[in-house]
Amino acid sequence: MTTETLPEELQRALEDLKRDYEAFEVSERGANGYVVFARNRISGVEVAIKFYYGAPGERRHDEPRLLASIRSPNVLPIIDARNLSEELAFFLTPRCGDGDLDNLIAARPSALQAIDLALGIATGASAIHAHRLIHRDLKPANVVCDNGVPLIADFGSVRRLEEGEEEVPASGHSVLYRPPESFDTGRYGIRGDVYQVGLITYQLLGGSLPYDPMAYLSRSDQREYSKLSGDFEKSKFVDNVIHRLAASGRLMDLQSLPPWVGRGAKAALREMTDPDPQQRLANMAEVAARLTQIRSDMRDWRWSGDIARLEWKDRIIELRPLGNGCYEPLQAKGDTFRRIPGMPNGPLSELVKKLP
Amino acid sequence: MNILGVEFNSKNLNYVLLVSEGDGYKIAQANRLELTETRSPDALRAFQNAVKTLLNTARPDIIAIKDKPESGQMRAGAAALKMEGILLATAECEVEFVSSKRINACGDGEGINAYHQPAFKAAVAVFAKRAR
C-alpha cells in the first residue's frame, strides 16, 4: 500500500510532514484509522504516525491523551500529537521493530520467552489499571514488540472507571477476546483484561486460537449457518457460537499446547480465563504471581522447524520427528548430535516428560 | 493506608497486602512470586516485571520487609538477596525492615496460608507502629 492510496487530506498532511520525515510507508494493519511509518530526517528515529478522525468534543483526543498519561516500559510511549483539522488529527509513537505480537506468535517463541512476554503485558496492563483505566481490547494485534519487549498499544477502547465503580460498559471490539460476562451483562471490569491476557498467554505458549471465526463452528452449527441469508444474521450467529464456547470454557483447546506446557501452566491458563469472573484471577498481580510460578517449573523448550529443542545448562537436546508419530531423542556432542543413552524413540509428550 | 508485608523465603517472595479500615485493617491480597534461576538475566528481568506488576496493583504506601541478616549463619540466600534488591530498586514508596523480635510479637493472621504469616506479621507490626 503506497501513500497515494490514502485519502487526500492525509496525503496533504504527509506533504507537510516531509520537512521533518522521510521514507513514508503505509501500514497494512491500521484497523481504526490509518498508520504510516516514517523516519525522522535529523535523528533517523523510525516512527509510526497514527491518523484518526473524530467529531469535535471532549473525548476526541482520548487515545493520545491516555497513552501520554501512562509511563510504563510496557506501554507504547507517545512522541507528539497534532491537530490537522476539526475532524482529523494524528499522533506519533516509536515504530517497534518486531511488529506486533501476532508476528512473534507466528515465530513460535520459546516457552520462557512466552512467559516473559506475558509478564511484560501484565506489567503494562497493571500500569493502566493503576490509573483506574481499563483497556478492554487486549489482543496480540494491539501489543507491539521492540527488541523482545512487549508494549501495549491502541488505546481506542480504553475507559476510565468512575469513582466507586468497578466496571465500565463492554467494548464491542474483537469478539474472540471478549470475556463471557461482557456478552451477558454488557459490562467489563479489570477481570475482563485478565481474561484477555490469559488468552494471549495461551497463544504465546503455542495454543491454537484461529482468527477465522468459521473454525469455531461445529458441523451442526455449519448446517444452521448455511440456512442464514443476511450478513448481519450470519455475523451474529458466529458471535453467539464464540460466546457459547467462551462461556463454557471451551474456547481454548489445551490439547493444542505443546507437551512442555505442563499441568501447572494449564491450570494457570484456566484460572486466568475462567468463564466466571468471580473464579478468575482478580488482578494483574495475581497473574504475575502465577506466571513466575509457571516460569520456575518450566524448561525453555522451543520449536525449531518441526524439531523440539531444549538448551538447558550445558546440554542441547533435540527431539527429531521420525514421521510415524515418534521422535528420536538426541543430544549435542561437540559438533554433532548423538542418541541419548538409554532413551528409546517415543511420542513427543513421553520424551519431554522423561527429560530434565 | 496500604501496607505490603513481604518475607523472602528460599526462592519465594511471599506478600500480604493490608488495607487499613478505620482503626483496623483487612487482608486485601496474599500471594507469592518465585525466582528460581538467580543467574539468568531473563529470569531476573521477568521477576522485576512481576514486582512492578505487584506494586502497580497493590499501590502500597509502605513496604514492610521481614529483616534477614546479610551475613552470618542465619543470612539470607542468594535468591532472597537478589529479590530484595529488585524490590528495593523498584519500590517508589517508603520501605521499613521489621526485626524478627517485632514479627514474633504479632499474632497469626486468619484465613491465610502458614507461609504468608511472616509477611502478614511484618505488615501488622508496621501498621501497629503507625497507628500509635
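**Reading the labels on chains A and B**

Modeller: A:Ala23 sits in strand β1 (residues 21-26) of chain A. This is a predicted model; local features need pLDDT of at least 70, side-chain atom pairs count only at pLDDT 80 or more, while totals for chains, interfaces and linings use all residues. Residues are numbered from 1 along each chain as its sequence is written, and chains are lettered from A and ligands numbered from 1 in the order written.

Biologist: What makes a stretch such as β1 a strand?

Modeller: DSSP runs, numbered from the N terminus: strands are E runs of at least two residues, helices are H or I runs of at least four. β1 of chain A covers residues 21-26.

Biologist: Why does A:Ala23 count as exposed?

Modeller: A:Ala23 has 10 other C-beta atoms within 10 Å. The cut-offs, with C-beta atoms placed from the backbone, are 20 or more for buried, 12 or fewer for exposed, and in between for partly exposed. So 10 makes A:Ala23 exposed.

Biologist: What is notable about the phi of A:Ala23?

Modeller: Phi is near 55°. That is a positive value in a residue other than glycine.

Biologist: Where is A:Arg132, and what is its phi?

Modeller: A:Arg132 lies in the loop between α4 and β6 (133-134) of chain A. Its phi is positive, about 60°, although A:Arg132 is not a glycine.

Biologist: Is A:Arg132 buried, exposed or partly exposed, and how do you know?

Modeller: By its count of 14 C-beta neighbours inside 10 Å. That falls between the two cut-offs, so A:Arg132 is partly exposed.

Biologist: And B:Gly22: where is this residue, and why is B:Gly22 called exposed?

Modeller: B:Gly22 is in the loop between β2 (12-21) and β3 of chain B. B:Gly22 has 5 C-beta neighbours inside 10 Å, so it meets the exposed cut-off. C-alpha to C-alpha, B:Gly22 is 36 Å from B:Lys82, which lies 60 residues apart in sequence.

Biologist: How do helix α4 (residues 111-130) and helix α6 (residues 190-204) of chain A pack?

Modeller: At an angle of about 165°, with axes 9 Å apart. That makes α4(A) roughly antiparallel to α6(A). Axes are fitted to C-alpha atoms over the stretch in contact, and angles run from 0 to 180 degrees between N-to-C directions. Under 35 degrees is roughly parallel, over 145 roughly antiparallel, 65 to 115 roughly perpendicular, the rest oblique.

Biologist: Which hand has this crossing?

Modeller: The crossing of α4(A) and α6(A) is right-handed. The near helix is turned clockwise from the far one by less than a right angle; anticlockwise would be left-handed.

Biologist: Which residues meet there?

Modeller: From α4(A), A:Ala114, A:Leu117 and A:Ile121 are among them; α6(A) brings residues including A:Ile190, A:Val197 and A:Leu204. The class split is 10 nonpolar, 2 polar and 1 charged. Nonpolar means Ala, Val, Leu, Ile, Met, Phe, Trp, Tyr, Cys and Pro; charged means Asp, Glu, Lys and Arg; the others, Gly among them, are polar. Contact means C-beta atoms, placed from the backbone, within 7 Å.

Biologist: What is the angle between α4(A) and α1(B), and how are they oriented?

Modeller: The angle is about 25°, and the axes are 8 Å apart. That is under 35 degrees, so α4(A) and α1(B) are roughly parallel. α4(A) passes α1(B) in a left-handed crossing. The contact includes A:Ile115, A:Leu119 and A:Ser126 of α4(A) and B:Ala46, B:Asn49 and B:Thr53 of α1(B). Its residues divide into 8 nonpolar, 8 polar and 3 charged.

Biologist: How many residues does the chain contact take?

Modeller: 19 from chain B and 22 from chain A. On the chain B side, β3 (24-34) and α1 (41-58) each supply at least two. α1(B) gives the most, with 11 residues. That side has 6 nonpolar, 7 polar and 6 charged residues.

Biologist: What is in chain A, and why is chain A called as compact as a globular protein of its length?

Modeller: Chain A has 11 helices and 16 strands. Its radius of gyration is 23 Å, close to the 21 Å of the globule rule for 356 residues, so the label holds. The radius is taken over C-alpha atoms; the rule is 2.2 Å times the number of residues to the power 0.38.

Biologist: How does chain B fare against the rule?

Modeller: A compact globule of 132 residues would be near 14 Å, and chain B has 14 Å, which agrees. Chain B holds 4 helices and 5 strands, running β-β-β-α-β-α-β-α-α from the N terminus. Buried residues make up 43% of chain B.

Technical notes: Two residues are in contact if their C-beta atoms, placed from the backbone, lie within 7 Å.
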